[in-house]
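Welcome, and thanks for taking a look. Below is a guided walk through the model, taken one part at a time.

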Amino acid sequence: MKTKKGSRKSAPAAPDFRALFEAAPDLYLVLTPKLTIVAVSEAYARATMTRREEILGRGIFDVFPDNPDDPATEGVRNLRASLERVKRDRVADAMPVQKYDIRRPEADGGGFEERFWSPVNSPVFDSKGELAYIIHRVEDVTEFVRLKQAGARQQRLTEEIQGKVEEMESEVLLRTRQVAEASRQLKEANAELKRSEETLRTSEERFRSVTETAHDAIVMANQEGTIIVWNRGAQGIFGYMAEEVLGQPLTVLMPERYQDTHRKGLRRFLQTGEARVVGKTVELHGIRKDGSEFPLELSLTSWKTKNEIFFSGIIRDITERKRAEEALRKSEEKYRTLFDSLDVGICTIEVLFDGSNKPVDYRFLEVNSAFEKQTGIQNAPGRRMREIAPLHEEHWFEIYGKIALTGEPKRFENEAAQLSRWYDVYAFRVGDPEKRQVAIHFNDITGRKQGEREIDKLNEALRQHAAQLEAANKELEAFSYSVSHDLRAPLRSIDGFSQALLEDCNDRLDESGKDYLGRVRGACLRMAQLIDDLLNLSRVSRSEMQVERVDLSALAREIVSELQKQAPERKVTFVIADNLVREGDPRLLRVALENLLGNAWKYTSKHPSARIEFGVRREPDGKTVFFVRDDGAGFDMAYAGKLFGAFQRLHGPSDFPGTGVGLATVQRIVHRHGGRVWAEGTVEQGAIFHFTL
Amino acid sequence: MDKKIILLVEDNPDDVELTMRALKKNNIQNEVVVARDGAEALEYLFGEGKYTGRNTSVMPQIVLLDLKLPKVNGLEVLQRLRADSRTRLLPIVILTSSKEEQDLISGYSLGANSYIRKPVDFNQFSEAVRQLGLYWLLLNEPPPVQKASGAKVKV
């Protein structure tokens, strides 16, 4: 004791630490390890609205409980954790800024006041190194925090993007606390905060630039459905300037019929979280400022801050797309109609191959209406050809397989025996070559094929007929040649030796003998004439036609002058029309005219005078008809049918000489020129022969 | 001796007889050599076969050639004669029954000098023979006699 006293007295008077402590301008509280308050600075008591005598000896958390009105408060928990760390780690612990509301004295109205603190807790050890006290020093940063918060709110009001920043900031704050909680590597936490802030800033920049430059409308609304963001794209699509719509309900953008559903949907979502549109892309209609309605596509998302839910919508004007879709639909409809109304059968098939790329079958994909009519196959799509017609010819599969593989289109005609039809087909590959699809246009040509076969048959028959004719003609040729040489020779002998008899044995023959020999000779000459006429007739039929322009008038005049030379004494008037020019074989036409004019000459020979006319007249149908008219012996129309038969005569040889071959020859010649010949006559009043060429 | 021989190529004996009669009737007294077919005619003219050794420098003044002949027909004879220098210029008259166009064309193409169709009427035939003799035996100047062989003349 003495020592103590003495030493105390010997040293200068010690300052009154208690008074000093209590008067310190900073905010101090001293706690026992059991967290009982044992000292407090005047400033601390003032700042916390407490009085020293009321709090000394009490537990710190008894004096400073959490604000029961702030469910988010973590003041007690954080402070307790910090103090525990100090006790455990025996080092000072600086806490991040804390919200720690304090109780207002009952006299001042009670309740809690919001306060923010920056606390540091430091251990104090006794001489044995045991923890004796914990100094809890704080700084009241309420004003500073309030200012900061006020700034943030303002920012959120003016620019919702900042709201996100703030949210992020508070999130960062929270995270920082947690980091501090977990470790005291505050630096790292700060660095991370910095990075996060940077990231946020970048993303915010990006968001802003995307928002502003997007063609799509970006519209955000709060949970009341009030528009709070309106980008340039929205302005372009709806026609409203931002200032016209910010603060307006979303319903101004909708046709009336959607408005009720929208309000109900919004309410439902907020109450139950049931989303019908949120999180999806839907097609709706919008209303522009000018009142016009347009189709739009809306992608709606929602996001949440601590206290509020926001909606952001990306809206695209799909008028053009709808129009294009409509146009496409119409065009498809048009082609479908066309496809179905065409007569030609159309189908698309998928060619099926085996492992070695050999086409083995094909499946029908699409068919048009004509398909069934053309094939008789019903409900083809989806079915395979082998299933429909197992005996379908191999070549069909080969052709379609080749087209599917090479892409070379092909046109062909082919038989489908099992369908009992023939087809004219045009096939080409369609779509992706990998899919091996072929489009086929085809026509049932069974009728035509039958016709062709019929024609082939007829042609064959005609060819045979022609060959037979040819052979017959050759035979006739040989026959004529032979006749020409051999049939006349005996006649010459008969005539020659009859004449020899008449000459050499004249004195031994009586009158009737001479008469008989005369008849023999006459018969010979007639027969020779017959042979010649026959040969002429056959020559007319078989000789080659050499067609050229023939002046029939000139030809007739030549013939007439020869006739007149034979009997110049006859009084015959010839009337020959000029310029009768026709295409034909000149030699044959000469023969025909010789016969006709010769007949007229012959059958007028018993009349003292005669008139013979060669002329032309035009029929009502425009055809030119030539005629040779005489006023001679004529004929009985009852026998007109026999006129043109070979060796048919209407007059005896004693009346008029002849063999009955002339008109038959005329008829052949006219027929060979594709014409017609006919005659009219009256006995003793003449005849008229008509012919066309 | 200026013998103007007539070579008559004719297979029909009746025609030979009638031709001889017509010649005689018209006082044509030239020697007539008759060949019964084409082969015999060629033998005579070229001094071959049964005419081997015949003096081939003596050629007929006129050949009357029928067309339809056994063995070698008239047109073939004509062709052979015109192909040989010794008979190339020999006057040949086709005397036949036919006046088929193909015969006329072939006859003239192969170098016949004339083409006469034998009339059935003997009087007309006789007249034809008369004119023929008059023309070919009296009026017509025959080509010079070919002495050398064909090959030499051609060169």
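## A helix with two sides

In helix 19 of chain A, the buried residues are A:L552, A:L555, A:A556 and A:I559. Around the axis they cover an arc of only 95°, which puts them on the same side of helix 19 of chain A. The arc is taken from the directions that lead from the helix axis to the C-beta atoms. A residue counts as buried if 20 or more other C-beta atoms lie within 10 Å of its own, as exposed if 12 or fewer do, and as partly exposed in between, with C-beta atoms placed from the backbone. On the other side of helix 19 of chain A, A:E558, A:S561 and A:K565 are exposed.

Before going further, a word on what you are looking at. This is a predicted model, in which local features need pLDDT of at least 70 and side-chain atom pairs count only at pLDDT 80 or more, while totals for chains, interfaces and linings use all residues. Residues are numbered from 1 along each chain as its sequence is written, and chains are lettered from A and ligands numbered from 1 in the order in which they are written.

What do the buried residues of helix 19 of chain A pack against? Their partners are strand 19 (548-551), strand 20 (571-576), strand 21 (581-584), helix 20 (586-603) and strand 22 (609-618) of chain A. Helices (H or I, at least four residues) and strands (E, at least two) are DSSP runs, numbered from the N terminus.

## Helix 18 and helix lengths

In helix 18 of chain A, A:R521, A:C524, A:L535, A:L537 and A:V540 are buried. The buried residues of this helix pack against helix 17 (446-504), helix 20 and helix 21 (662-672) of chain A.

The expected span of a helix is 1.5 Å times one less than its number of residues. The table sets this beside the distance between the end C-alpha atoms for two helices of chain A, and the values agree for helix 18 and for helix 19.

| Helix of chain A | Residues in helix | Expected span | End C-alpha atoms apart |
|---|---|---|---|
| helix 18 (residues 511-542) | 32 residues | 46 Å | 46 Å |
| helix 19 (residues 552-566) | 15 residues | 21 Å | 22 Å |

## Loops and a hairpin

A:N579 lies in the loop between strand 20 and strand 21 of chain A. Its phi is near 55°, a positive value in a residue other than glycine. Is A:N579 buried or exposed? With 9 other C-beta atoms within 10 Å, A:N579 is exposed.

Elsewhere in chain A, strand 1 (residues 27-31) and strand 2 (residues 37-40) run antiparallel and are joined by three bridges; strands pair if DSSP finds at least two bridges between them. A:V30 stands opposite A:A39 in strand 2 of chain A. The hairpin of these strands has five residues between them, and A:L35 takes a positive phi near 65° there.

## Meeting chain B

Chain B has six helices and five strands, which follow the pattern β-α-β-α-β-α-β-α-β-α-α along the sequence. Of its 155 residues, 35% count as buried.

B:V32 lies in strand 2 (residues 32-35) of chain B. This residue counts as partly exposed, with 17 C-beta neighbours inside 10 Å. Leaving aside neighbours within four places in sequence, B:V32 is in contact (C-beta atoms, placed from the backbone, within 7 Å) with B:I6, B:L8, B:M20 and B:L23.

B:K71 lies in the loop between strand 3 (62-65) and helix 3 (74-83) of chain B. B:K71 is not a glycine, yet has a positive phi of about 60°. With 14 other C-beta atoms within 10 Å, B:K71 is partly exposed.

## Where the chains touch

How many residues of chain B are in contact with chain A? There are 15, and they touch 15 residues of chain A. Helix 1 (13-25) and helix 5 (122-139) of chain B are the elements that give two or more residues to this side of chain B. The largest share, four residues, comes from helix 1 of chain B. By class, this side of chain B has four nonpolar, four polar and seven charged residues. Ala, Val, Leu, Ile, Met, Phe, Trp, Tyr, Cys and Pro count as nonpolar, Asp, Glu, Lys and Arg as charged, and the others, Gly among them, as polar.

## How confident is the model?

Chain A has a mean pLDDT (the predictor's confidence in each residue, from 0 to 100) of 85, and 92% of its residues reach 70 or more. In chain A, confidence is lowest in helix 1 (residues 2-10), at a mean of 48, and highest in strand 23 (residues 624-630), at 94. Over residues 1-9 of chain A the pLDDT is below 50, and beyond near neighbours in sequence this stretch has zero contacts in the model. Where pLDDT is low, the predicted coordinates should not be read in detail.

Terms used: Contact = placed C-beta atoms within 7 Å.
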